[in-house]
Amino acid sequence: MEILNPELLAALSDLGSVALLLLILIAGARGWWVFGWHYQEVAKERDAWREIALSTTNLAERAIEKLERRSP
């Protein structure tokens with residue numbers, strides 16, 4: 001059996017490609033990295049929470065200002 005058989009090299013090359021694809025998918029599923037679409041969803045959620053926090057802070061600041069104006 002010849003070690004540098006073209007058919008054997010092609011099979012090993014295909015196996016390497018499949019192994020690399022599986023590694024990429026497993027790493028993404030385990031959270032070793034984040035896929036772009038997931039990052040965008042998380043960024044939208046982060047921005048929504050930021051808006052809620054800022055509007056609540058603004059509401060609290062206005063309430064404090066009104067209370068300060070009322071107190072003698």
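**Surface patches and salt bridges in a two-helix model**

Arg50 is partly exposed, with a relative accessible area of 44%. The model in which Arg50 is described is a predicted one. In this model, Arg50 forms a salt bridge with Asp47, and the closest N and O atoms of the pair are 3.6 Å apart. Asp47 and Arg50 are three residues apart in helix 2, which means that about one helical turn separates them. Asp47 also forms a salt bridge with Arg46, with 3.2 Å between the closest N and O atoms. Arg46, Asp47 and Arg50 are thus linked in a network of salt bridges. The salt bridge count for the model comes to two. Like Arg50, the other two members of the network are partly exposed: the relative accessible area is 42% for Arg46 and 33% for Asp47.

The secondary structure consists of two helices and zero strands. Helix 1 covers residues 6–30, and helix 2 covers residues 36–70. Of the 72 residues in the protein, 4% are buried. The exposed area of the protein is about 6,900 Å², of which 66% is supplied by carbon and sulfur atoms.

A nonpolar patch is present on the surface, formed by Val18, Leu20, Leu22, Leu23, Ile24, Ile26, Trp32, Trp33, Phe35 and Trp37. Together these residues have about 1,000 Å² of accessible area. Helix 1 contributes the largest share of the nonpolar patch, with six residues. Trp37, another member of the patch, is located in helix 2. The relative accessible area of Trp37 is 53%. Trp37 is therefore classed as exposed, the cut-off for that class being over 50%.

Helix 2 also carries Thr57. The side chain of Thr57 reaches the backbone oxygen of Ala53 at a distance of 2.8 Å. Thr57 counts as partly exposed, at 41% relative accessibility.

A second type of surface patch is charged. Arg62, Lys66, Arg69 and Arg70 gather in a patch of positive charge on the surface. Lys66, one of the residues in this patch, is found in helix 2. The relative accessible area of Lys66 is 52%, so this residue is classed as exposed.

Several of the features described are thus placed in helix 2. Among them are the salt bridge pair Asp47 and Arg50, the partly exposed residue Thr57, Trp37 of the nonpolar patch and Lys66 of the positively charged patch.

Notes. Residues numbered from 1 in each chain as written. Predicted model: local features only at pLDDT ≥ 70, side-chain atom pairs only at ≥ 80, totals over all residues. Heavy atoms only, no water. Patch = residues over 30% accessible without salt bridge, like charges linked within 9 Å, V, L, I, M, F, W, Y side chains within 5 Å. Areas by Shrake-Rupley, 256 points an atom, 1.4 Å probe, with all protein chains shown as cover. Salt bridge = Lys/Arg side-chain N within 4 Å of Asp/Glu carboxyl O. Lys, Arg positive; Asp, Glu negative; His and termini not counted. Charge placed at Lys NZ, Arg CZ, Asp CG, Glu CD. Helix = DSSP H or I, 4+ residues; strand = E, 2+ residues; numbered from the N terminus. Buried < 20%, exposed > 50% of the residue type's maximum accessible area, 1.4 Å probe, protein only. Polar contact = N/O pair within 3.5 Å; in protein donor to acceptor, adjacent residues only side chain to side chain.
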